[in-house]
Amino acid sequence: MTNDTARETAAGAGAGAGAGAGAGARSRAGATAPLGLFADLAANRTSDDPRRPGTAGVLPTLLTLRFAAAFLYRASARAGHVVPVLGSVLKQLNHLVTGADIAWSARIGPGLVLWHPTGVVIGSGVVIGRDARVQQGITLGAARSRSGEDGDPVLGDDVYVGAGARVLGPVRVGDRARIGANAVVLADVPDDASAVGVPARIIP
């Protein structure tokens with residue numbers, strides 16, 4: 001997977017243009033950093049655990065590692081579009097502090113939750129829509145497809161990516177899709193579908 005500083009600097013804001021199921025995600029992921037950050041905070045305050053319903057306080061949420069990872073990504077994205085080197089520095093700081101390796105030029109919509117950011121790798125051309133839920137040890141990035149096309153994944157809104165999953169190459173993951181733990185996704189996933197296995201297959 002290509003995720004180095006040189007590619008990030010070259011990619012900038014124009015990374016990953018295209019069509020298909022993720023086209024809407026591209027525009028929705030273009031929210032400004034402050035707006036994205038406020039939505040991230042709200043999303044991280046809300047528990048998905050039925051054993052712990054309700055909303056956590058602002059301060060406890062601010063002190064979580066998952067929110068720190070989202071905050072440092074937003075800061076790196078904002079800085080990188082002005083001074084690419086600074087964006088790369090903040091990206092490396094995020095990796096050092098939280099274990100999340102997220103390219104500053106990746107475009108991620110508001111409402112991001114990185115439940116356990118350790119081992120999360122998101123490449124420079126990746127586009128993710130709103131309200132993504134991401135578990136630990138996942139990889140989203142470029143890979144050469146069987147047809148020889150090189151590109152990055154585009155994920156729609158309200159997508160869940162399970163622990164250890166890999167989404168590689170120019171694939172489109174539709175809105176509300178679910179990627180199972182340790183799945184390797186090499187082909188498109190429709191809206192509202194689940195993908196499991198190696199290579200991933202679609203299940204009802």
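Buried means under 20% relative accessible area and exposed means over 50%, with partly exposed in between. I keep that at the top of the page, since Arg 178 comes out at 31% and therefore counts as partly exposed.

**Entry 1: what I have open**

I am working from a predicted model. I looked up the confidence before anything else: the mean pLDDT of the protein is 82, and 75% of its residues reach 70 or more. Residues 1–23 are another matter, with pLDDT below 50. That stretch still has 54 contacts in the model beyond near neighbours in sequence. My note to self: where pLDDT is low, the predicted coordinates should not be read in detail.

**Entry 2: overall tallies**

I count six helices and 17 strands in the protein. Of its 204 residues, 49% are buried. I get about 9100 Å² for the accessible surface, and carbon and sulfur atoms own 60% of that. I also checked how far the contacts reach along the chain. Taking contacts between residues at least 6 apart in sequence, 44% join residues at least 24 apart.

**Entry 3: the five-stranded sheet**

I traced an open sheet of five strands, in the order S1-S4-S7-S12-S15, with parallel pairing. Its edge strands are S1 (101–102) and S15 (184–185), and each of them pairs on one side only. Inside the sheet I looked at S7 (residues 139–141) and S12 (residues 166–168): they run parallel and three bridges join them. Which residue of S12 is the bridge partner of Thr 139? I find Arg 166 there.

**Entry 4: the six-stranded sheet**

The other sheet I followed is open too, with six strands ordered S3-S6-S11-S14-S16-S17 and mixed pairing. Strand S3 (113–114) and strand S17 (201–203) sit at the edges with a single partner strand each, so one side of each has no neighbour in the sheet. I then went to S6 (residues 133–134) and S11 (residues 160–161), which run parallel and are joined by two bridges. Val 134 has Val 161 in S11 as its bridge partner.

**Entry 5: salt bridges**

Side chains of opposite charge can pair when their charged atoms come close. With a cut-off of 4 Å from a side-chain nitrogen of Lys or Arg to a carboxyl oxygen of Asp or Glu, I count four salt bridges. I wrote up three pairs.

The Arg 74 and Asp 40 pair has its closest N and O atoms 2.7 Å apart. Arg 74 belongs to helix H5 (residues 65–80) and Asp 40 to helix H3 (residues 33–45), so the pair links distant parts of the chain, 34 residues apart. Are these two buried or exposed? Both Arg 74 and Asp 40 are buried.

Next I took Arg 178 with Asp 158, where the closest N and O atoms are 3.9 Å apart. That falls within the 4 Å limit, so the pair counts as a salt bridge. Arg 178 is in strand S14 (residues 178–179), while Asp 158 is in the loop between strand S10 (154–155) and S11, 20 residues apart. Asp 158 has a relative accessible area of 31% and is partly exposed, and Arg 178 is partly exposed with 31%.

My last pair is Asp 192 with Arg 176, at 2.6 Å from N to O. I placed Asp 192 in the loop between S15 and strand S16 (194–196), and Arg 176 in the loop between strand S13 (172–173) and S14, 16 residues apart. Arg 176 is partly exposed, at 36% relative accessible area.

**Entry 6: two valines and a patch**

Val 58 lies in helix H4 (residues 58–62). Why does Val 58 count as partly exposed? Its relative accessibility is 38%, which lies between the 20% and 50% limits, so partly exposed is the label. Leaving aside neighbours within four places in sequence, I find Val 58 in contact with Leu 41 and Arg 45. Val 58 and Leu 41 are 17 residues apart in sequence, with their C-alpha atoms 7.8 Å apart.

On the surface I picked out a nonpolar patch of about 450 Å², made by Val 82, Val 83, Val 85, Leu 86 and Val 89. Val 89 is in helix H6 (residues 84–98). I get 48% relative accessible area for Val 89, so partly exposed again, under the 50% limit.

Technical notes. Residues numbered from 1 in each chain as written. Predicted model: local features only at pLDDT ≥ 70, side-chain atom pairs only at ≥ 80, totals over all residues. Heavy atoms only, no water. Patch = residues over 30% accessible without salt bridge, like charges linked within 9 Å, V, L, I, M, F, W, Y side chains within 5 Å. Areas by Shrake-Rupley, 256 points an atom, 1.4 Å probe, with all protein chains shown as cover. Helix = DSSP H or I, 4+ residues; strand = E, 2+ residues; numbered from the N terminus. Buried < 20%, exposed > 50% of the residue type's maximum accessible area, 1.4 Å probe, protein only. Pairing = 2+ DSSP bridges. pLDDT = per-residue confidence, 0-100. Contact = heavy atoms within 4.5 Å.
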